[in-house]
Amino acid sequence: MSSVAGGARLPRQVPYIIGNEACERFSFYGMRNILTPFLVSTLLLYAPEAERAGIAKDVFHSFVIGVYFFPLLGGWLSDRYFGKYNTVLWFSLIYSGGHAMLAAFDDHRTGFYAGLFLIALGSGGIKPLVVSFVGDQFTQANKHLAKIVFDAFYWTINFGSFFASLLMPIFLREYGAAVAFGIPGILMGIATLIFWLGRKQYVRVPPTHGKDPHSFLNVARTALAAQAPGQGRAGRGVAVAGGGLAVAILLCWALKPGFWPEGFDFVISACLALGALLLFGGIGTWMQLERARGLHPDKAVDDVRAVLRILIVFALVTPFWSLFDQKASTWILQGDQMRVPHEAWWWPSWLVKTPAQMQALNPLLVMLLIPFNNLVLYPLLRRLGFEPTALKRMGWGIAFSGIAWIAAGAIQLQIDSGASTSLAWQALPYVLLTFGEILVSATALEFAYSQATGAMKGVIMAFWYLSVTFGNLWVLLTNAAVRNDAVTARIAATGLGENAFLMFFFAGFAFVAALVFALYARRYPMQDHYRPAGG
């Protein structure tokens, strides 16, 4: 590795981690971006044609929910027992096994779904660890070089996603599912091998074994349990009520009473139960948090309050994820109804042959728009007297996702009218949605890191991943609702087709979320927890 500024060098072990990330991201997006078309065209042929799209969306978004739920498990196992290296390696082996099952059971639903579960478990398990494992490889002497590696991570993710989105639909179409799912499996095996090859060079920070007495959970537990003279424990009552509601939800799923919606399966029920615990537990902790002072340092108590404020921001972002992740389900299904404009001289027919390949626009646009925003748009806005703060960017990002879905809805109206509609029109909603993604996703972690102190940054990452889980829960709830005869009758009464109605519904959902987000942002007490210069 060549020398860089000041004689410092990038750690020799970093290329192993970058190589691992490049192969892993290609493998993940390669299988993810062909999942919906494979389900509709092959695995779900047993179902009536009218029901296949809905089932495929349920499977896809349940899978995404798992991917962003299991970081809680990976982070916990790493911190408490095994450390980052061992946890990443073992979950990578599970991950590789899941890919192998997809290729082997492309005509067997139970085996295929088991493979999806293993991929969600493996991918989610390593998700919170790889980036922080990179950070562990740096010291005070070369920490200024870490940005180079994190930039490489960003480009690797989008580079892998771009080529996976372009190539894997072609392999699915030309060579079949076993090959199309097998290639990502091979890439994940290579990723695991590359990571293992660097084992003797990694810096391994030992796990904490959960011994931090002032962790987020310990402070919250103290606050809920503490008594104050002359005061009740209403906060604890709220938290207990949340626990009771979570248990009741799971019992309803198990016992299926008459009032329980038929479409509320285990994934929906478990997410609703988790949501009840977080909502009521968070409210209860907020109500009694001051009681933890004296039993914990003031800083630890203030840190927990900062996290609870950030959680409200994350909760208001969940509608964005319900729109964003449907580009790999609803928008692919819409594309299947459109005409690929091979007759146009400007259309790259030699490369873009199927609607699923339109997803490649997203990572390509990300790589183009982030430099544009940083070098052109934001400086221009500042010269015009408008400061694009983190909260303003996030609010506008949610709104832009709604505009993207207005565009998608307009395309659907054209399709429903019976007109031949060019697939090229989908470029417009992709541009709008990707612009919204940059404003929301790229900004949210910057915002959260500035608001949370170092001790709470790991907690923040876990809750950020959960925001994606709950965003996909909104999709599952909507899909369950449209299976109700009363709901479908109301949709029919609007004169719109079901797909067009849902697209405009999700657009409205985003606009309402953006409005509420803006109102909350006006009252949010901004903090600044960046390290001081030279610190």
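A search of the whole structure, a predicted model, returned one cavity of 30 Å³ or more. The volume of the largest cavity is about 40 Å³. Its lining consists of Lys57, Gln326, Thr330, Trp405, Asn499, Leu502, Met503 and Phe506. Helix H18, spanning residues 498-523, supplies the largest share of this lining, with four residues. By class, the lining of the largest cavity divides into four nonpolar, three polar and one charged residues.

The pockets were examined next. The second largest pocket has a volume of about 1000 Å³. It is lined by 35 residues, of which Leu278, Leu279, Leu311, Ile312 and Ala315 are the closest to its centre. Four elements each give two or more residues to this lining: helix H10 (266-288), helix H11 (298-324), helix H16 (457-481) and H18. H10 contributes the most, with ten residues. The class composition of the lining is 29 nonpolar, four polar and two charged residues. H18 thus appears in two linings: it gives two or more residues to that of the second largest pocket, and it gives four residues to that of the largest cavity.

On the surface, a nonpolar patch covers about 610 Å². Leu73, Trp76, Tyr81, Phe82, Trp90 and Leu93 make up this patch. Phe82 belongs to helix H3, which runs over residues 71-104. The relative accessibility of Phe82 is 36%, so this residue counts as partly exposed. A patch residue must have over 30% relative accessible area, and Phe82, at 36%, is above that cut-off.

Charged side chains were then considered. Side chains of opposite charge can pair when their charged atoms come close. The count of salt bridges comes to eleven. One of them joins Arg173 and Glu174, with the closest N and O atoms 3.9 Å apart. The cut-off for a salt bridge is 4 Å between a side-chain nitrogen of Lys or Arg and a carboxyl oxygen of Asp or Glu, so the Arg173 and Glu174 pair, at 3.9 Å, falls within it. Arg173 counts as exposed because its relative accessibility is 51%, and the threshold for that class is over 50%. Glu174, with a relative accessible area of 48%, is partly exposed.

A second salt bridge links the side chains of Arg293 and Asp298, at 3.4 Å from N to O. Both partners fall in the intermediate accessibility class: Arg293 is partly exposed at 28%, and Asp298 is partly exposed at 45%. This pair does not stand alone. Arg293 and Asp298 are linked with Glu290, Asp302 and Arg305 in a network of salt bridges.

Arg382 and Glu387 form a further salt bridge, with an N to O distance of 3.3 Å. Arg382 has a relative accessible area of 43% and is therefore partly exposed. Glu387 is also partly exposed, at 40% relative accessibility.

Backbone geometry was inspected at Lys256. Phi of Lys256 is near 55°, a positive value in a residue other than glycine. Lys256 sits in the loop between helix H9 (234-255) and H10. Its relative accessibility is 49%, so Lys256 counts as partly exposed. The lower limit for the exposed class is over 50%, which means that Lys256, at 49%, does not reach it. H10, on one side of this loop, is also the element that gives the most residues to the lining of the second largest pocket.

Two separations across the model were also computed. Trp196 is part of helix H7 (residues 177-197). With a relative accessibility of 37%, Trp196 counts as partly exposed. Trp196 and Pro297 are 101 residues apart along the chain, and their C-alpha atoms are separated by 41 Å.

The other separation involves Gly335, found in helix H12 (residues 330-335). Gly335 is buried because its relative accessible area is 0%, and the buried class holds residues under 20%. Gly335 and Lys84 lie 251 residues apart in sequence, with a C-alpha to C-alpha distance of 41 Å.

How values were computed: Residues numbered from 1 in each chain as written. Predicted model: local features only at pLDDT ≥ 70, side-chain atom pairs only at ≥ 80, totals over all residues. Heavy atoms only, no water. 1 Å grid on protein atoms, 1.4 Å probe; cavity = no way out; pocket = protein on both sides within 12 Å on 5 of 7 lines; lining within 4 Å. Points joined across faces, edges and corners; volume = space filled by probe spheres on them. Nonpolar A, V, L, I, M, F, W, Y, C, P; charged D, E, K, R; others polar. Patch = residues over 30% accessible without salt bridge, like charges linked within 9 Å, V, L, I, M, F, W, Y side chains within 5 Å. Areas by Shrake-Rupley, 256 points an atom, 1.4 Å probe, with all protein chains shown as cover. Buried < 20%, exposed > 50% of the residue type's maximum accessible area, 1.4 Å probe, protein only.
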